[in-house]
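This briefing sets out the main structural features of a single protein chain for computational work. Please read it alongside the sequence and coordinates shown here.

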Amino acid sequence: MDIVVCGKIIPASTVTVEIDPATRRMIRKGVAHELDPAAASAVEEALRLMEKEGGTVTLVTMGFNEITIGIRTALAMGATSAVHIFDDALAGSDALATAKALAAAIGKKPFDLIICGTESSDSYSGIVPGQLARLLGVPPVTFANEMTVEGNTLTIKRQSESGYDVVEAELPALVTVTSGINEPRYPQLKGIMAAKRKEILQMSVEDLGLAADDVGEQGAREKVLEIGRPPKREAGDVVEDDGEGGKRIADFLAEVKVL
Ligand SMILES: Cc1cc2nc3c(=O)[nH]c(=O)nc-3n(C[C@H](O)[C@H](O)[C@H](O)COP(=O)(O)OP(=O)(O)OC[C@H]3O[C@@H](n4cnc5c(N)ncnc54)[C@H](O)[C@@H]3O)c2cc1C
């Protein structure tokens, strides 16, 4: 079974993210990066399937050269190889341009299953997987907090507000997994050493067969108009309990229509 994991490499959780006021983009250059925890869950799920069914797990990621360390983490966990989409022309790519680049790289080889995170842990738009499925013409099944593959059928438990739905799709398909689906493994020394010998295929916009205005700033249909901090929270009311505290809380809850 040939599984593709789309995993984003994001600024490390120890980094205070800064926004460039001129471009209104996150400053990613020169910043420590790591494999997105959402991507680590996707890699873990793919590895469990590969261990059961055989085959390959390929990480496909788009980002600057600073992200190699995160790619190595996925390889050290056990992914077979990686594709790194990296080109200055990709700067300023919005979600659709990201999906186009990922789809062009994935479409170069046959695959059985694509596993994505539900949303990335730095931009949180949750849009890329749906766009990717559309571009590749495969069914998207989303919010999986459990998944199995039997023969040619993918079955997931789709997390919902009231419990879960069971959803099936024929392969090839794309699935998005929630962060609670598993506990990603830590890379072991043997895996870290093996990762050094694994292939990371670098692909440019030209290698992908995309036009310059498909991606990057020129291809972006979304524009970031303004970036600001959320309004400061107002100080709350302190209720001193003079015997009427319970009533005042109940009145307040009724006022905001919680009761
Ligand atoms: C106008 C504009 C300009 C931007 N310019 C830049 C820029 O210059 N550089 C930059 O890095 N970002 C840039 N971004 C942000 C970039 O577009 C988003 O990071 C990208 O669209 C993915 O969105 P997301 O992280 O919210 O993905 P989501 O849709 O939340 O991600 C869900 C899942 O999709 C997959 N996925 C998403 N992104 C990737 C990826 N890159 N590689 C592999 N898998 C992925 C993963 O499985 C992930 O868990 C820009 C955004 C806008 C709107």
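A residue counts as buried when its relative accessible area is under 20%, as exposed when that area is over 50%, and as partly exposed in between. By this criterion Cys 116 is buried, because its relative accessible area is 3%. The model is predicted. The chain contains eight helices and 13 strands, and 41% of its 259 residues count as buried.

**Overall dimensions and contacts**

- The C-alpha trace spans about 70 × 50 × 40 Å along its principal axes.
- About 15,200 Å² of the chain is exposed, and 52% of this area is supplied by carbon and sulfur atoms.
- Among contacts with a separation of 6 or more, 72% are between residues 24 or more positions apart.

**Nonpolar cores**

- In soluble globular proteins, nonpolar side chains tend to be buried together.
- The largest nonpolar core comprises 39 residues, and the members with the most contacts inside it are Leu 113, Ile 115, Met 147, Leu 154 and Val 175.
- Two or more residues of this core come from each of β1 (2-6), α1 (37-53), β6 (56-62), α2 (68-77), β8 (113-117), β9 (140-150), β10 (153-160) and β12 (173-177).
- Helix α1 makes the greatest contribution to this core, with eight residues.
- A second core, separate from this one, has 29 residues, including Met 62, Ile 106, Val 138 and Val 215.
- Apart from its neighbours within four places in sequence, Ile 115 is in contact with Ile 3, Val 4, Val 5, Cys 6, Ala 42, Glu 45, Ala 46, Met 147, Val 175 and Val 177.

**Cysteines**

- The whole structure has zero disulfides.
- The closest cysteine sulfur to that of Cys 6 belongs to Cys 116, at 4.2 Å; this is too far for a bond, because a disulfide requires sulfur atoms within 2.5 Å.
- Cys 6 is buried, because its relative accessible area of 10% is under 20%.
- Cys 116 likewise takes part in no disulfide, the sulfur of Cys 6 being the nearest cysteine sulfur to its own.

**Salt bridges**

- Nine salt bridges are present in the structure.
- Asp 122 and Lys 8 pair through their side chains, with an N to O distance of 3.0 Å.
- This pair links distant parts of the chain, 114 residues apart: Asp 122 is in the loop between β8 and α4 (128-136), and Lys 8 is in the loop between β1 and β2 (9-11).
- Asp 122 is buried at 15% relative accessibility, whereas Lys 8 is partly exposed at 28%.
- Arg 25 and Glu 217 form a salt bridge in which the closest N and O atoms are 2.7 Å apart.
- Because Arg 25 belongs to strand β4 (residues 25-26) and Glu 217 to helix α7, this pair ties together parts that are 192 residues apart in sequence.
- Arg 25 is partly exposed, with a relative accessible area of 27%, while Glu 217 is exposed, with 54%.
- Arg 185 and Glu 44 form a further salt bridge, their closest N and O atoms lying 2.8 Å apart.
- Arg 185 is in the loop between β12 and α5 (189-195) and Glu 44 is in helix α1, so parts that are 141 residues apart in sequence are tied together.
- Arg 185 is partly exposed, with a relative accessible area of 26%, whereas Glu 44 is buried, with 3%.
- Through shared salt-bridge partners, Glu 44, Arg 48, Glu 51 and Arg 185 are joined into one network.

**Surface and individual positions**

- A nonpolar surface patch is formed by Val 17, Ile 19, Val 224 and Ile 227, with about 300 Å² of accessible area together.
- Within this patch, Ile 19 belongs to strand β3 (residues 19-20) and is partly exposed at 34% relative accessibility.
- Gln 202 belongs to strand β13 (residues 200-203) and is partly exposed at 42% relative accessibility.
- The C-alpha atoms of Gln 202 and Phe 86 are separated by 6.7 Å, although the two residues are 116 residues apart along the chain.
- Beyond its neighbours within four places in sequence, Gln 202 is in contact with His 84, Phe 86 and Asp 207.
- Gly 209 is in the loop between α6 (205-208) and α7 (216-219), where its relative accessible area of 63% makes it exposed.
- Gly 209 and Val 258 are 49 residues apart in sequence, with a C-alpha to C-alpha distance of 55 Å.

Definitions and conventions:
Residues are numbered from 1 along each chain as its sequence is written. This is a predicted model: local features need pLDDT of at least 70, side-chain atom pairs count only at pLDDT 80 or more; totals for chains, interfaces and linings use all residues. Side-chain values use heavy atoms; hydrogens and water are left out. A nonpolar core is a set of buried Ala, Val, Leu, Ile, Met, Phe, Trp, Tyr and Cys residues joined through side-chain atoms within 4.5 Å. Buried means under 20% relative accessible area, exposed over 50%, partly exposed in between (1.4 Å probe, protein chains only). Helices (H or I, at least four residues) and strands (E, at least two) are DSSP runs, numbered from the N terminus. Contact means heavy atoms within 4.5 Å. Patches are made of residues with over 30% relative accessible area and no salt bridge: like charges are joined within 9 Å, nonpolar side chains (Val, Leu, Ile, Met, Phe, Trp, Tyr) within 5 Å. Accessible areas come from the Shrake-Rupley method with a 1.4 Å probe; for residues, only the protein chains shown count as cover. A salt bridge is a side-chain nitrogen of Lys or Arg within 4 Å of a carboxyl oxygen of Asp or Glu.
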